[in-house]
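Student: I have a model open and would like to learn how to read it. Could you walk me through it, feature by feature?
Tutor: Gladly; let us look at it together.

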Amino acid sequence: MWKWLHPYAEPQRAYQLAGKFIPWLSILATLMLLTGTIWGMVFSPTDYQQGDSYRIIFVHVPAASMSMSAYIGMAIAAFIGLVWQIKLADWMAASIAPVGAVITFIALVTGSTWGKPMWGTWWVWDARLTSELVLLFLYLGVISLYASFEDKVLAARAAGILAIVGVINIPIIKYSVDWWNSLHQGSIKMTGKTAMPPDMLVPLVINILGFGVMIAALSLVRFRAEILARNGMRPWVRELAQAEGVK
Amino acid sequence: MTAQSNPPLLSASHLTCIREERVLFDDLSFEINGGDIVQIEGPNGAGKTSLLRILAGLSRPYGGEVLFQEDPIVRCRDEFNEALLYLGHLAGVKSELTAEENLNFNLRISGYAQFDPREILARVNLTGFEDALAGHLSAGQHRRTALARLWHTDCKIWILDEPFTAIDKKGVAELEELFIAHANNGGCVILTTHQDMGIISDDRLRKIRLDYRFI
Amino acid sequence: MNRGISYTQAFFTLLQRDLKIAVRHRGDIFNPLLFFIIVVTLFPLGIGSEAKILSRVAPGIIWVAALLASMLSLERLFKADFVDGSLEQMLLSPQPLQLLVLSKVLAHWLLTGVPLIIVAPLLAVLLHMDSNAYPALIETLLLGTPVLSLLGAIGVALTVGLRKGGVLLSLLILPLYIPVLIFATGAIEFAATKQPYDGQLAIIAALLVGSLVLAPFAIGASLRVSTN
């Protein structure tokens, strides 16, 4: 009997569970991002080499580091979906993808904005920027594959396979881009990270974690929408819609 | 059905199929034993083909599972595939190859290299067309090339989607006799068709009905 | 109930069938090759015929053209089988799907990768490539094009059921081709300046081994999704 209930009950439980987490995560993310950003922008000391322009790292570094983590998170969800055949995990992966892509895009834009005062040009084929660009392509591939299938259950599985293939390739691509960069450019080191004063480091770490929590919260919001969209014909969704006053 | 002590050859357990946000069938369970000839009936769009594809393991159901001798087919795919012969709407016949080459490939890839393809083609009335490219054959001949596999196989479970399409009356009768012989040998046949069958009597034929649903 | 067909037999039976079909459909072999040659010819017209510049960019041009040609030809890898139902039969075969998939990819590589390798030196001459670099060009193509076929087949398997898979395919697989491109062109550049390039070759060989082992699983899983 439970086996029969299993596929029906699970999306509903996940929907409710996600609903409980979202407010807490949102509050936490807002607090952390406010603290980290205000601390970083207003109270952190000015860098003796780069002046105030370095302050973009409080957005750039969290976005860059979390863009990779989000991809890994997406691939883990996809892997769970593929191996244990859990549709919810596939949907989770599909919900993370657009959030991750936006974060990657932010990292790219802030990176090249930072490049302008640093290198005097908007774009440099720096190894890290190039890898980030490739990561954006990988995200876009997953998103457009998901969008191309009409049957979204299949779409999520296909996108999941691609995410797993991508995550195996990311280290290889990163290594090859690093190698290529050192061959052609002589590597550009942006900052000597060794001596970052705690007044810069602490807000940075707070913002990195804040970005992580924010990605989790946004993904869960998308995840809930995904569950509703996939289960539109289920009684519990209809009841929910009626309770909300939707016809 | 006679009571049997053996486990059912193939059983569906609480299958649910959802296509394009529409529920085709929900909580469908049945058992198919050796000796059964089962017809899946229903109007167009009721999910007959979807059900056959789920039974064959090509599609994954939204819920529920298919069991082969009480094991889920996803767990014993190799054994199941060895016992299964599935012919879908698409015949799997290569139009760039001749009828004989097509059959020969099928024989060899499934391990029946000892059979003579010409002999089997003769049984499906394709003598004289062995060397014609399958792309140049008529629809019925094309279908026969695909159906030729039925004459040499030792697979227990036959899942056939519209096997009689484009086949003439005599051919249908021959196929029906073949199905009965197969069932008498302990195999089972699961098929869909919109044609009436003359030879397989109603008490021999089991029917599973799917209705078009609007939710 | 094993009917006694060995994996090797199954592998070669399928390989033989695919080669036979391709020979009867010669366009599939020649079109990607012509595409490869034409793309390479366009570059001197676009960037000028100065030998110095051309020999500098030759490895990149040849390899980028090879990537594109390989991708375009791959589009047809599973399409015909998908349309006529052979793919379903392949998925339901008692033989391991990975093995059959590998056989199809090998057939494809023999038909499109090998001709590419044969004409590449000719194009290298047209682009004034340094003569020291010829062995490196052939070696990188020999090791690299099978990787392209294997990785590309994953993308093709994912998109074979879609009506408009073509443009999407490039978005899916070109990023995955980047490492091969980087190390192959790197090896050729090293060879042109008489530096040892074994390292790059070894990395491409490692990529080949890795994709030989892992790609068939991804291709198989993708095909199961696409035929669902």
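Tutor: Let us begin with one span of chain C: residues 200–223 are 100% helix and 0% strand, and the end C-alpha atoms lie 32 Å apart. Keep in mind that this is a predicted model.

Student: Which annotation does UniProt place at residues 200–223 of chain C?

Tutor: The unreviewed UniProt entry lists this span as a "transmembrane region", along with residues 29–47, 53–74, 106–129, 141–160 and 167–188 of chain C. Another of these spans can be set beside the coordinates: residues 106–129 of chain C are 88% helix and 0% strand, with 29 Å between the end C-alpha atoms.

Student: Which residues of chain A carry the "transmembrane region" annotation?

Tutor: For chain A, the UniProt record (an unreviewed entry) gives residues 21–43, 63–84, 91–109, 129–147, 154–173 and 200–221. In the model, residues 91–109 of chain A are 100% helix and 0% strand, and their end C-alpha atoms are 28 Å apart. Residues 200–221 of chain A are likewise 100% helix and 0% strand, with 32 Å from end to end between C-alpha atoms.

Student: How many helices and strands are there in chain A?

Tutor: Chain A has seven helices and zero strands, so a reading along the sequence gives the pattern α-α-α-α-α-α-α. Along the principal axes, the C-alpha atoms of chain A fill a box of roughly 65 × 40 × 30 Å.

Student: Now the interfaces, please. How should I read the area between two chains?

Tutor: The general idea is that the size of an interface is often expressed as the accessible area lost when the parts come together. Here, chain A and chain B bury about 1400 Å² between them, and carbon and sulfur atoms give 43% of that area. The contact involves 15 residues from chain A and twelve from chain B.

Student: What does the polar side of the contact between chain A and chain B look like?

Tutor: Zero salt bridges are found across the interface of chain A and chain B, while two residue pairs are in polar contact, both at pLDDT 80 or more. On chain A, the elements that give two or more residues to the side touching chain B are helix 1 (2–43), helix 3 (87–119), helix 5 (152–184) and helix 6 (198–230). Helix 1 of chain A gives the most, with three residues. By class, that side of chain A has six nonpolar, two polar and seven charged residues.

Student: What is the buried area between chain B and chain C?

Tutor: Chain B and chain C bury about 3000 Å², 51% of it on carbon and sulfur atoms. In chain B, E82(B), K94(B) and I109(B) lose the most area to chain C, together 22% of what that side buries. In residue terms, 33 residues of chain B are in contact with 31 residues of chain C.

Student: How should I think about charged pairs here?

Tutor: In general, side chains of opposite charge can pair when their charged atoms come close. The interface of chain B and chain C has five salt bridges, and the search over all chains finds 20. E101(B) is a good residue to click on: its side chain meets that of R24(C) in a salt bridge at 2.9 Å, N to O. The side chain of E101(B) also meets that of K20(C), at 3.3 Å, N to O. That pair crosses between chains, from helix 1 (residues 7–23) of chain C to helix 3 of chain B.

Student: Where do R209(B) and E41(B) lie in chain B?

Tutor: R209(B) is in strand 9 and E41(B) in strand 3 (residues 37–41) of chain B, 168 residues apart, so the pair links distant parts of the chain. Their side chains form a salt bridge at 3.8 Å, N to O.

Student: One last feature: how do I read the confidence in chain B?

Tutor: As a general rule, predicted coordinates should not be read in detail where pLDDT is low. Chain B averages a pLDDT of 84, and 97% of the residues score at least 70. In chain B, confidence is lowest in strand 9 (residues 205–209), at a mean of 83, and highest in strand 7 (residues 157–161), at 91.

Conventions: Residues numbered from 1 in each chain as written. Chains lettered and ligands numbered in written order. Heavy atoms only, no water. UniProt positions renumbered as here; feature names shortened; annotations may be inferred. Helix = DSSP H or I, 4+ residues; strand = E, 2+ residues; numbered from the N terminus. Contact = heavy atoms within 4.5 Å. Buried area = accessible area lost by both parts, 1.4 Å probe. Salt bridge = Lys/Arg side-chain N within 4 Å of Asp/Glu carboxyl O. Polar contact = N/O pair within 3.5 Å; in protein donor to acceptor, adjacent residues only side chain to side chain. Nonpolar A, V, L, I, M, F, W, Y, C, P; charged D, E, K, R; others polar. pLDDT = per-residue confidence, 0-100.
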